[in-house]
Amino acid sequence: MPFTPDRFFTRVTQIDIERDIVSCGVKCVLIDLDNTLLPRDTHQVPDDIRAWLKALSAAGVRVCILTNNWHHGAHEWAQRLGLPIVSHAIKPLPFAYALALRKMGARCRETLCIGDQLITDVWGGHFMHMPVYMVEPLVSVDLKHTLLLRHVEALFMKNMHPEK
């Protein structure tokens, strides 16, 4: 299992839908919510990310939010974005990934995981044998336990830089 992402971007909107997703045979994306789509400081999904999600859907790619978040707000955001959600995921454990795949009617080989954390999003996706793209967190504001994990993450990511 690779310990680093397959690709690393500054933001989800940097991922080219046609080149980096559709042409790779991806039919479904499992995407993290907090600090990937939704900044922890403002709790508002930026307009460019909303437009990117719409374009992804228009390209025929199904999207499901996969989050460790257990608060009701996560479900409210999923509803606002018109996306299915699997919460309480306990990533990197595989159970919620399998649930999201069943929910979306998708197979591992045609599913891409996108998230901002190495230990949860990347390792979980790789554990399921899926390709994984990592993005930098939208903001540095985060939960205390996540900030602790970011120190471990830095050890594995020290030689990786986001694509230009």
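**Exercises on a predicted model**

E163 is partly exposed, with a relative accessible area of 28%, where partly exposed lies between buried (under 20%) and exposed (over 50%), for a 1.4 Å probe and protein chains only. The model is predicted, so that local features need pLDDT of at least 70 and side-chain atom pairs count only at pLDDT 80 or more, while totals for chains, interfaces and linings use all residues. Residues are numbered from 1 along each chain as its sequence is written, and side-chain values use heavy atoms, with hydrogens and water left out.

**Exercise 1.** Find the residue whose side chain meets that of E163 in a salt bridge, and place both partners.

Solution. The partner is R7, at 2.6 Å from N to O; a salt bridge requires a side-chain nitrogen of Lys or Arg within 4 Å of a carboxyl oxygen of Asp or Glu. E163 lies in the segment after α6 (144-157) and R7 in strand β1, so the pair ties together parts that are 156 residues apart in sequence. R7 is partly exposed, at a relative accessible area of 21%.

**Exercise 2.** Determine which acidic residues form salt bridges with K91, and whether the partners are buried or exposed.

Solution. One is D32, at 2.9 Å from N to O; K91 lies in the loop between β4 (85-86) and α4 (95-104) and D32 in the loop between β2 and α2, so parts 59 residues apart in sequence are tied together. K91 and D32 are buried. Another is D121, with the closest N and O atoms 2.6 Å apart, and both K91 and D121 are buried.

Technical notes. Helices (H or I, at least four residues) and strands (E, at least two) are DSSP runs, numbered from the N terminus.
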